[in-house]
Amino acid sequence: MSAAAEMLSLRRFGDDQIVTLAKLVIENAFQPIVEIATGAVFGYETLMRGFERLGFQSPLELLDKAEEAGQLMALEHMVNSRAFAAFASLPDFASRTLFVNFDSRLIGLEGGVVERLCNHLKRSNIPPSSICFELSERFDSGKMPDFSGLVKRLRLAGFKLAIDDFGVGFNGLKLLCDQPVDYVKIDRHFISGIEASPRKRHLVRHTVNTAHVLGTRVIAEGVETEAEFATCRDLGCDLVQGYFIARPTVHFADLQPAYPHLEQTAGARRQSASLDSILIRKQIEQVPAVKENDDLDSVFELFRRSPQRSFFPVLNANGEPRGVLHEYHVKEMIYHPFGRDLLKNHMYQRHISHFVSPAPIADLETPADEMLKIFAGMDGSDCVILTENMRYAGILSASSLLKIISEKQLKSAQEQNPLTGLPGNRAIRDYVQDAALDGDEARYFCYCDFDSFKPFNDHYGFQKGDLAISLFAALMRRHFIGEEKFLGHVGGDDFFIGVSGWTQEDVAAVLTRVLSEFCSDVRKLYSREHQTAGCMTGHGRSGEATRFPLMRCSIAVLILPEGFVFSDAQAVSARIAEIKSQAKESETGLVFDTFGRVPR
């Protein structure tokens, strides 16, 4: 029988047979969700397949029909129980998370939704923390009076929660504000073509920053190209799913722990540790953490052994931070004559998850200034919980953060060139790495190098050589003003200028003025004889007498166009080396070259 004929035959049955027929044709497909920093599989989203054989265009159509027929609870019960059983059959399920769509219309229906879910999991030997329920923006949860109560019961039971389709539904931002969710899934609308859309990158970057301040991780949905994957990674997304990673499959043997084609893409990150990262790793505190499903007695023992510690981080079964447990939350139970006996009473049903407070979460590679904003964004926080590849790595206290900022400022001051007062090589490298990842505007990396400086310095002495260097630094400061520029001193007669958001014509006009004024001003440092001759005699690098023209500066400008992001700062430096010689050989001393291509 053809598929069309089979579909028509199924349609002859009444609406009250939806669940019965669904049992025959509906299958669960799993789509991998990977850690964007490593390409390793973090978990799977379970999706419905076979709905078209019942005559429906999408799973949502089938769910709408089941709700209309009063069979939504039964259909969800059937689909979820099968998904849990399939998940439990995977060899690595204990270290994975299963993302399950939760239909908000189940709220208020009879049958104890949370209790049913917990019973399913017990039968499959799956801890609740391995399940994440996706709360869709498709329905306005604000109109559901018991919604907050359900969210609270799900979290206390140990389940993780995500906001699905973030940005395109009713009240995703309100959900993020009001509910303690673990993940935000950014809708495909914002991910499609993001590498070529400054507006989308701006929105996603700010969504990521906002979510991280609230201790929430970000999943990019519907990633279909390598360019989208790389851009989402560079904007700080934590997890990613989509056809570029793997398509949904009902053949679970095809699922892999990691996907080889992602390894190189995922590994294209900073080539060297930034100053922030080095300082953060020096200050990180390795505070012991408790698991949310641990016995409360273990917490009491931790507080007893560490009387100076007022809180401990709380992790779920997968090692992800859930928040912190404060001593004052359980102090009454600890010191009450019958407190500990009460907590052990199964009728009381109070667990570690009942006492967890939210805390800001940041990756170890987060810049220190951004981390300070994250910390300040959550009033009353005791610490920032640090993660590496999504897993708990330690904490930073307020005092540690201030030490990092202070030491960073001190290091930056120490690395400033004593002659010009401009930042040195480390600051230049960090600027290039950060700017290369921010494609919202065109960026211009300008490398400046004096021509004929050595014979001038040899003949007139270091004092006049230093005067020429100071002269050029003053010209840079005079002509480049504003937050969109960065000035650095590589060393000796080499300088760096970074500019963003300007047009090439504007950059060329300002650099031309700088070169012209430098040639005019530095000429005055020569003797009248050398000025008249327009050259001087000196010794070349091989020691022979050579005629040298009067000093000038040549500038090689590398353009990273708007929309182009790049992770390998070393490749940028290599490209600059190629065009430096062109600048020295050119008549004007100024050469522009474009690095990469603008995605179409």
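Helices (H or I, at least four residues) and strands (E, at least two) are DSSP runs, numbered from the N terminus. Welcome to a predicted model, in which local features need pLDDT of at least 70 and side-chain atom pairs count only at pLDDT 80 or more, while totals for chains, interfaces and linings use all residues. Residues are numbered from 1 along each chain as its sequence is written, and side-chain values use heavy atoms, with hydrogens and water left out.

**View 1. The whole chain holds 23 helices and 22 strands.** Of its 600 residues, 52% count as buried; buried means under 20% relative accessible area, exposed over 50%, and partly exposed in between (1.4 Å probe, protein chains only). Contact here means heavy atoms within 4.5 Å. Among contacts with a separation of 6 or more, 70% are made by residues 24 or more positions apart.

**View 2. Eight strands close into a barrel in the order 1-2-3-4-5-6-7-8, with mixed pairing.** Two strands pair if DSSP finds at least two bridges between them. Let us start at strand 1 (residues 27-35): 8 of its 9 residues are buried, so the rest of the structure largely encloses this strand. Strand 1 runs antiparallel to strand 2 (residues 41-49), and 8 bridges join the two. Look for Glu27, which stands opposite Arg49 in strand 2. The hairpin of these strands has 5 residues between them, and there Gly39 takes a positive phi near 85°. Strand 1 is also joined to strand 8 (residues 239-240), by 2 bridges and again in the antiparallel sense. Here Glu35 is found opposite Leu239 in strand 8.

**View 3. Strands 5 and 6 of the barrel pair in the parallel sense.** Strand 5 covers residues 160-166, strand 6 covers residues 183-186, and 3 bridges link them. Phe166 faces its opposite residue, Ile186, in strand 6. Helix 9 (residues 198-213) packs on the sheet and touches strand 5, strand 6 and strand 7 (217-220). The direction of helix 9 makes about 150° with that of strand 7; axes are lines fitted to C-alpha atoms, for helices over the stretch in contact, and angles run from 0 to 180 degrees between N-to-C directions.

**View 4. Helix 3 (residues 59-68) packs against helix 4 (residues 72-88).** Their axes are 7 Å apart and meet at an angle of about 135°, so the two helices are oblique to each other. For such labels, angles under 35 degrees count as roughly parallel, over 145 as roughly antiparallel, 65 to 115 as roughly perpendicular and the rest as oblique. On the helix 3 side you will find Leu62, Leu63, Ala66 and Glu67, which meet Leu72, Leu75 and Glu76 in helix 4.

**View 5. Pro257 sits in the loop between strand 8 and helix 11 (260-267).** This proline counts as exposed, at 52% relative accessibility. Leaving aside residues up to four places away in sequence, Pro257 touches Ala40, Val41 and Arg96. Pro257 and Gly43 are 214 residues apart in sequence, yet 9.4 Å apart in space, C-alpha to C-alpha.

**View 6. Ser452 lies in the loop between strand 16 (443-451) and helix 19 (453-460).** With a relative accessible area of 17%, Ser452 is buried. Beyond residues up to four places away in sequence, Ser452 touches Tyr526, Phe548, Pro549 and Met551. A polar atom of the Ser452 side chain lies 3.3 Å from the backbone oxygen of Pro549.

Methods
Polar contact = N/O pair within 3.5 Å; in protein donor to acceptor, adjacent residues only side chain to side chain.
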